[in-house]
Amino acid sequence: MKKVYIETYGCQMNFADSEIVASLLKKEGYDVTTEIGEADYVLINTCAIRDNAEQRIRKRLRELRALQQRNTGLRIGILGCMAERLQSQLMVEEENVSFVVGPDAYRQLPSILARVREQGVKAAETELSTTETYADIEPVRLGSNGISAYISIMRGCQNYCAYCVVPYTRGRERSRDPETIVAEARDLYAHGYKEVTLLGQNVNSYRWRTDDGEVGFAELMARVAEISPRLRVRFATSHPKDLSDGLLEVMAKYDNICKCIHLPVQSGSDRILKLMNRHYDSAWYLDRIAAIRRYMPDCSITTDVIAGFCTETEEEHQMTLDMFRKVRYDYAYMFKFSMRPNTYAEKHLQDDVPEAEKTRRLEEIIALQGQIALENNRKEIGRVYEVLVEGESHRSKERLFGRNSQNKVIVFDRHEVQPGQYVKVKVVDCTAATLLGELCAQ
Ligand code: SAH
Ligand code: SF4
Ligand code: F3S
């Protein structure tokens, strides 16, 4: 039996895809190993979102040369977004790569692996599809805690934000049959899972047409939430332009739909948002924040932001800081703009904010957000939350950690509690990143 080792970088969708890849290969008689030293194939599922994501993969490929020298039968393949972006050119640039397979071509992996080994050839399969959703593939849960799992509900993106490679690496947007999604969630729950996260680049445009109507994202969420009140439901990511009151209503209605919304803002400046092709302005965004707070006063809100996009002025950067002060995010993923080949920005705009200036702006955002997160967390002290326990704290075996509905991590003394349980925990202290709690009498 040939052994395959899978290494995953990038977003949650890539992690979900690796589980599909594992399933497709297992079905064809491959063994998925967690020991890279015994692998016949190393598959690297890659991200292309920023230049540094790609540099990391190239560095990893250099490291793997030593392993290839010891094991001359070892074949390395690149999957995911970098594979799609660079296609067979990647095998020219990186000599130790034997095959390149894009996100919509994973069904061909078993035959590609066999061909590469038996015929000693290189192979590239990077055709994108308008229909592939891997709906019938039952993912093999890799590195899972047996408590929470991802479910991919749609693929692709066609929003074409000016800075973004995803529409080019993932292809057209397409939704997956809701029956298969609900069945997958139900099956996970039956196997002891307590939390599912529904994944898509823009989940609000989830849409499945049937003969007698259509299923939208709000209805899909409701159907998954109905499986059991003990199954938590999360989702990522919503695009602010499409965040509907209908979804907020459904979220508010079900206690087991987690009260946490990731709503990437990208910038606080209307001119920059327009240049980014985001299809909303700061007033619209703040209206959506107000709507979230109206429906769910206890909902946490998180975001993504880009510092130093093309032509961004100091004043526009200040508008981003203002946006952060107004919304008071619970968490933010903060990035320096990275110019990506073939995007609208690369074709039509100038990457004219100097690197040092981007760094300074990013650091300012990070410092502000750190302060806000700490202040938000301090307000949690004294509150009691239901926590889904995920595992041992990294620092001490005597402590466990879990999350509340708002997706905040809470650490507490373990007592008799086991991972996978729901427990009530009172917040007694905090840092900017973590809440510290005490177990309540259950
Ligand atoms: N589909 C999601 C985001 C996917 S990418 C959405 O639209 O919200 C995750 C984040 O990476 C983006 O929200 C953006 O903040 C960041 N990002 C994307 N392209 C980037 C680039 N070229 N440079 C810097 N950050 C980028
Ligand atoms: Fe990229 Fe925009 Fe699509 Fe998100 S919505 S994946 S940022 S193009
Ligand atoms: Fe990266 Fe592709 Fe996800 S570019 S962020 S792995 S969709």
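This is a chat about a predicted model, its sheets, a buried strand, a ligand site and a few unusual backbone spots.

Me: What should I know about the numbering and the model before I start?
Reply: Residues are numbered from 1 along each chain as its sequence is written, while chains are lettered from A and ligands numbered from 1 in the order in which they are written. The model is predicted, with local features needing pLDDT of at least 70 and side-chain atom pairs counting only at pLDDT 80 or more, while totals for chains, interfaces and linings use all residues; side-chain values use heavy atoms, leaving out hydrogens and water.

Me: OK, is β13 buried or exposed?
Reply: Strand β13 covers residues 232-236, and 5 of the 5 are buried, so the rest of the structure largely encloses it. Buried means under 20% relative accessible area, exposed is over 50%, and partly exposed is in between, using a 1.4 Å probe and protein chains only. Strands here are DSSP runs of E with at least two residues, helices are runs of H or I with at least four, and both are numbered from the N terminus.

Me: Which residues sit on which face of it?
Reply: Arg232, Arg234 and Ala236 are on one side of β13, with Val233 and Phe235 on the other. In a regular strand, side chains alternate between the two faces of the sheet.

Me: Which strand does β13 run parallel to?
Reply: That's β10 (residues 195-199), joined to β13 by 5 bridges. Two strands pair if DSSP finds at least two bridges between them. Leu198 stands opposite Phe235 in β13.

Me: What packs against the buried side of α8?
Reply: The buried residues of α8 pack against α7 (178-190), β10, β12 (213-216), β13 and α9 (245-253), where contact means heavy atoms within 4.5 Å. Those buried residues are Phe217, Leu220, Met221, Ala222, Val224 and Ala225, and α8 itself spans residues 217-225.

Me: Where is the cis peptide bond?
Reply: The cis bond joins Ala236 and Thr237, with omega about 5°. Thr237 is in the loop between β13 and α9. Most peptide bonds are trans, and most residues other than glycine have a negative phi.

Me: Which residues have a positive phi, then?
Reply: Asn407 has a phi near 75°, and His415 has one of about 50°. Asn407 is in the loop between β18 (399-403) and β19 and is partly exposed at 31% relative accessible area. His415 is in the loop between β19 and β20 (422-430) and counts as exposed at 54%.

Me: How do the strands around there fit together?
Reply: 5 strands close into a barrel in the order β17-β18-β19-β21-β20, with mixed pairing. Neighbouring strands in this sheet are turned by 55° against each other on average, direction ignored. Axes are lines fitted to C-alpha atoms, for helices over the stretch in contact, and angles run from 0 to 180 degrees between N-to-C directions.

Me: Which strands make up the open sheet?
Reply: The order is β14-β15-β16, with parallel pairing. β14 (260-262) and β16 (331-336) are the edge strands. Helix α14 (residues 355-378) lies across β15 and β16, at about 175° to β16.

Me: Switching topic, what surrounds ligand 2?
Reply: Its surroundings include Cys157, Cys161, Cys164, His239 and Arg278. A residue is near a molecule or strand if one of its heavy atoms lies within 4 Å of it.
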